[in-house]
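These notes are meant for a colleague who is opening this structure for the first time. Please keep the display at hand while reading the points below.

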Amino acid sequence: MFRMLSPFEGNLFDEFRRLEHDLDQLYGSGPWPNGIRSASRGAFPPINVGSTPDQVDVYLFAAGIDPKSLDVSIQQNLLTVAGERKVSIKEGAEYYRKERFDGTFHRALTLPENVDPDQVDAHYKDGVLHIVIQRREAVKPRQIEIK
Amino acid sequence: MTEKKDLEKQAPKAVQQTRQDERVLRPQVDICEDSSGITLQADMPGVPKDGLDIQVNKDNLSIEGVAAIAMPENMEPLYADISVTRYQRNFSLSSELDATKVDASLKDGVLTLHIPKREELKPRKIEVRAS
């Protein structure tokens with residue numbers, strides 16, 4: 001199972017991003033441009049995006065959400081996910097820690113250009129929203145047979 | 001031949017194991033207390049019921065979970081906020097809590113733990129009688 005998850009485990013690309021973010025925090029925004037829709041690290045919910053020749057997989061790590069409150073939409077290759085998480089407060093209890101996100105959220109994501117906005121599938125399981133967007137047929141790599 | 005194969009299989013696993021141990025995600029928690037005990041809620045998205053491991057050792061409460069996320073084969077990462085799949089966090093309990101009666105439930109990636117106070121130590125209201 002661990003092997004299955006390995007694509008996201010500490011790859012170099014991610015390390016660079018982390019470094020960039022840390023520098024951002026230290027010195028303010030650097031000379032490098034930020035994505036216009038990119039959220040700062042720590043935004044809710046965290047997102048992972050993976051790609052295969054056939055599809056793009058988007059994972060949103062959003063525990064404890066009513067799937068009905070989620071609004072997933074795609075316009076060309078811009079995917080937006082909005083929703084609300086309500087953390088129920090226990091009446092008459094004293095809180096020592098309140099770290100969990102509470103409220104509305106909105107995240108936008110630019111996907112690779114060749115995704116097909118008509119072929120999107122979304123599932124919510126164990127607190128992870130998994131969105132699968134198929135790539136357009138025409139741009140999938142094709143094996144050319146030599147006769 | 002089979003022996004060699006087994007070794008080959010084990011070696012990378014052991015390497016992954018140590019890496020796995022080094023990097024863990026700290027789940028975000030809410031903790032509150034009322035007269036019945038302490039309630040802890042932790043966000044552990046992606047963790048199924050059988051991936052959860054809660055242990056109480058003397059006065060140490062350890063919460064661990066491994067996320068199981070379906071991914072297509074040969075997937076390449078484009079972007080990752082989360083690059084570790086193991087959650088872990090420890091808490092120390094105080095003696096008035098009854099660690100033998102911890103109640104745990106998991107729903108949509110949210111773990112809820114209730115740790116009751118020992119019966120004899122529950123706060124009692126003391127009536128003041130008018131003389």
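1. Strand S4 of chain B, residues 60–66, is a useful place to begin in this predicted model. Five of its seven residues are buried, so the strand is largely enclosed by the rest of the structure.

2. On one hand, S4(B) pairs with strand S3 of chain B (residues 52–57) in the antiparallel sense, over six bridges, and within this pairing B:Gln55 has B:Ser62 of S4(B) as its bridge partner. The two strands make a hairpin with two residues between them, and B:Lys58, which lies in the turn, has a positive phi of about 55°.

3. On the other hand, S4(B) also pairs with strand S6 of chain B (residues 86–92), again in the antiparallel sense, and here the pairing extends over seven bridges. In this pairing B:Gly65 stands opposite B:Tyr87 of S6(B).

4. Which strands form the open sheet that includes S5(B), and in what order? There are five of them, arranged as S7(A)-S8(A)-S2(A)-S1(A)-S5(B) with antiparallel pairing, and the sheet therefore takes strands from chain A and from chain B. Strand S7 of chain A (115–125) and strand S5 of chain B (76–80) stand at the edges, and because each has a single partner strand, one side of each is left without a neighbour in the sheet. Neighbouring strands of this sheet are turned by 20° against each other on average, if direction is ignored.

5. Inside that sheet, strand S1 of chain A (residues 47–51) is joined by five bridges to strand S2 of chain A (residues 55–61), and the two run antiparallel. A:Asn48 stands opposite A:Tyr59, a residue of S2(A).

6. Chain A also has an open sheet of three strands, in the order S3-S4-S6 and with antiparallel pairing. Its edges are strand S3 (71–75) and strand S6 (103–110), each with a single partner strand, so that one side of each has no neighbour in the sheet. On average, and with direction ignored, neighbouring strands of this sheet are turned by 10° against each other. Strand S4 of chain A (residues 78–85) is linked to S6(A) by eight bridges, the two running antiparallel, and A:Thr80 has A:Ala108 of S6(A) as its bridge partner.

7. A:Arg85 deserves a separate look, since this residue is found in strand S4 of chain A and is buried, with a relative accessible area of 1%. Its side chain reaches the backbone oxygen of A:Ala63 at 2.8 Å. Apart from neighbours within four places in sequence, A:Arg85 is in contact with residues including A:Phe44, A:Ile65, A:Phe101, A:Asp102 and, in the other chain, B:Asp43.

8. How many residues of each chain are in contact with the other chain? For chain B the count is 48, and for chain A it is 51. The area buried between chain B and chain A is about 4400 Å², of which carbon and sulfur atoms give 54%.

9. Across this interface the rule finds seven salt bridges and 23 residue pairs in polar contact, with both residues at pLDDT 80 or more. Helix H1 (2–22) and strand S2 (37–43) are among the elements of chain B that each supply at least two residues of the side touching chain A, while S1(B) gives the most to that side, with six residues. The side chains of A:Arg85 and B:Asp43 meet in a salt bridge, with a distance of 2.7 Å from N to O.

How values were computed
Residues numbered from 1 in each chain as written. Chains lettered and ligands numbered in written order. Predicted model: local features only at pLDDT ≥ 70, side-chain atom pairs only at ≥ 80, totals over all residues. Heavy atoms only, no water. Buried < 20%, exposed > 50% of the residue type's maximum accessible area, 1.4 Å probe, protein only. Helix = DSSP H or I, 4+ residues; strand = E, 2+ residues; numbered from the N terminus. Pairing = 2+ DSSP bridges. Axes fitted to C-alpha atoms, helices over the stretch in contact; angles between N-to-C directions. Contact = heavy atoms within 4.5 Å. Buried area = accessible area lost by both parts, 1.4 Å probe. Salt bridge = Lys/Arg side-chain N within 4 Å of Asp/Glu carboxyl O. Polar contact = N/O pair within 3.5 Å; in protein donor to acceptor, adjacent residues only side chain to side chain.
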